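Q: This structure is new to me. Please walk me through it, starting at whichever residue you prefer.

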Amino acid sequence: MIDKNVYESMNIQWFPGHMTKAQRMIEENIKMVDAVCELLDARIPRASRNPDIDRLAAGKPRLVILNRCDLADPAITARWRKHYEQQGLSVLETDAKSGKGIKGFGPAVRALLADKQKEYEAKGQIGRPLRLMILGIPNVGKSTFINKVAGRKAAIAGDKPGVTRGKQWIHIDAGLDLLDTPGILWPKFDSQEVGELLAITNAIKAEVLDKETLGANFMLRLRQMYPHALMERYKFEPSPAMNGFELLEEAAKKRGFLVSRGEYDLERMANTLLSEYHDGKLGRLSLEEPNDGALDAGK
Ligand code: G4P
């Protein structure tokens, strides 16, 4: 008997062309900053976090920024906040696209670096700006975040003594400088699940994957976690007896994506599903929860 909950296996490959260059950039610049701000996708904080950050940012105070919180399930985001705070990390929730949460950035950084500031002052370095770096995997929203944080006040400070030539700093406000180049961390995944989550959220190009299979697996995930969202958006009951492709087909039927008599365009439906999720049309849906592993069931 076929287990209807079995996720189709997908062969996800990753070719990290610029990985070494990106890593070197981080290593060169991290020495110059007082704190590291780590941007994560609030829908998939675990999958969008490269564990190398622990090594790269060792010894630096860290602020975890849960970005795209406009697309994430608020109750789950609150749990992630607690999860990181319990690990001693500071947390900020943002929607860099609209700017929501951005004004909390300055106060969060100042609170994080209060001791560092006192240290500078004790050394007579009154007014020395606190320097920050933004790190995150591609497409997590780093550029959008930096632009929003800098706002109209954005001013390139230019080179400073002791700073690598050509390095530019953006004054955020009095006493806070942000390195204008975000550090690109490579997404890391050794499991199909993480690869899928990265593809669903556009962190890796879904083009390299089989769209139908990705869509089918995403359907299974949604049925398990948010069946009501499926029902509301695609107007069908996601029966436990269906496999992922059947769920996709059911949605395609409802949308009228017919290619020939009785045959539906599953690829079109998969694309529709992914782009509607991307645009938040299915609601605010998180795909990972902290610790409890509840969302990993069915795998
Ligand atoms: P990167 O520098 O880390 O590579 O990411 P970038 O800022 O270029 O952002 C990637 C995409 O994510 C952008 O969309 C941006 O508008 C969107 N984005 C960034 N932060 C948020 C957020 O908090 N919420 C939402 N909903 N979107 C965010 P894009 O590729 O220009 O197109 P689109 O996704 O806006 O259609």
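A: Glu-196 is a suitable start: its relative accessible area is 0%, so it is buried. Buried means under 20% relative accessible area, exposed over 50%, and partly exposed in between (1.4 Å probe, protein chains only). This is a predicted model, in which local features need pLDDT of at least 70, side-chain atom pairs count only at pLDDT 80 or more, and totals for chains, interfaces and linings use all residues. Residues are numbered from 1 along each chain as its sequence is written, and side-chain values use heavy atoms, with hydrogens and water left out.

Q: Which element holds Glu-196?

A: Glu-196 belongs to helix α7. Helices (H or I, at least four residues) and strands (E, at least two) are DSSP runs, numbered from the N terminus.

Q: And what does the side chain of Glu-196 make a polar contact with?

A: Its partner is the side chain of Arg-221, at 3.5 Å. A polar contact is a pair of N or O atoms within 3.5 Å; within protein, one must be able to donate a hydrogen and the other to accept it, and residues adjacent in sequence count only if both atoms are side-chain atoms.

Q: What about Leu-197, buried or exposed?

A: Leu-197 is buried, since its relative accessible area is 0%. This residue also lies in helix α7. From C-alpha to C-alpha, Leu-197 and Ser-48 are 8.6 Å apart in space, with their positions 149 residues apart in sequence.

Q: Where does Ala-47 lie?

A: Ala-47 is in the loop between β1 (35-41) and α2 (53-56). With a relative accessibility of 2%, Ala-47 counts as buried. Its C-alpha is 6.8 Å from that of Leu-198, although the two residues are 151 apart in sequence.

Q: Which side chain has a polar atom 2.9 Å from the backbone nitrogen of Ala-47?

A: That polar atom belongs to the side chain of Glu-288. Glu-288 is found in the segment after α11 (266-278), and it counts as buried because its relative accessibility is 5%. Glu-288 and Ile-76 are 8.3 Å apart in space, C-alpha to C-alpha, and 212 residues apart in sequence.

Q: Back to α7, then. What lies in the loop between α7 (192-200) and α8 (211-225)?

A: Thr-201 is in that loop, and so is Asn-202. At 3% relative accessibility, Thr-201 is counted as buried, whereas Asn-202 is partly exposed at 34%. A polar atom of the Thr-201 side chain is 3.3 Å from the backbone oxygen of Leu-198.

Q: What is the phi of Asn-202?

A: Phi of Asn-202 is near 70 degrees, which is positive in a residue other than glycine. Most residues other than glycine have a negative phi. Lys-235 also has a positive phi, of about 60 degrees, and is not a glycine either. Lys-235 sits in the loop between α9 (227-234) and α10 (244-255), and it is exposed because its relative accessible area is 58%.

Q: New topic: how many disulfides are there?

A: A disulfide is a pair of cysteine sulfur atoms within 2.5 Å, and by this rule the count is zero.

Q: Are the cysteines Cys-37 and Cys-69 buried or exposed?

A: Cys-37 counts as buried, as its relative accessibility is 1%. Cys-69 is buried too, with a relative accessible area of 9%.

Q: Now the ligand. Which residues come nearest to it?

A: Ala-96, Lys-97, Lys-142, Ser-143 and Thr-144 come nearest, out of 15 residues around the ligand. A residue is near a molecule or strand if one of its heavy atoms lies within 4 Å of it. Helix α6 (residues 142-150) gives the largest share of this shell, three residues.

Q: Which polar atoms lie 2.5 Å, 2.7 Å or 3.3 Å from an oxygen atom of the ligand?

A: A side-chain N or O atom of Lys-97 is at 2.5 Å, and a polar side-chain atom of Lys-142 is at 2.7 Å. A polar backbone atom of Val-140 is 3.3 Å from a ligand oxygen.

Q: How much of the ligand does the protein cover?

A: The ligand on its own has 710 Å² of accessible area, and the protein covers 70% of it. Accessible areas come from the Shrake-Rupley method with a 1.4 Å probe; for residues, only the protein chains shown count as cover.
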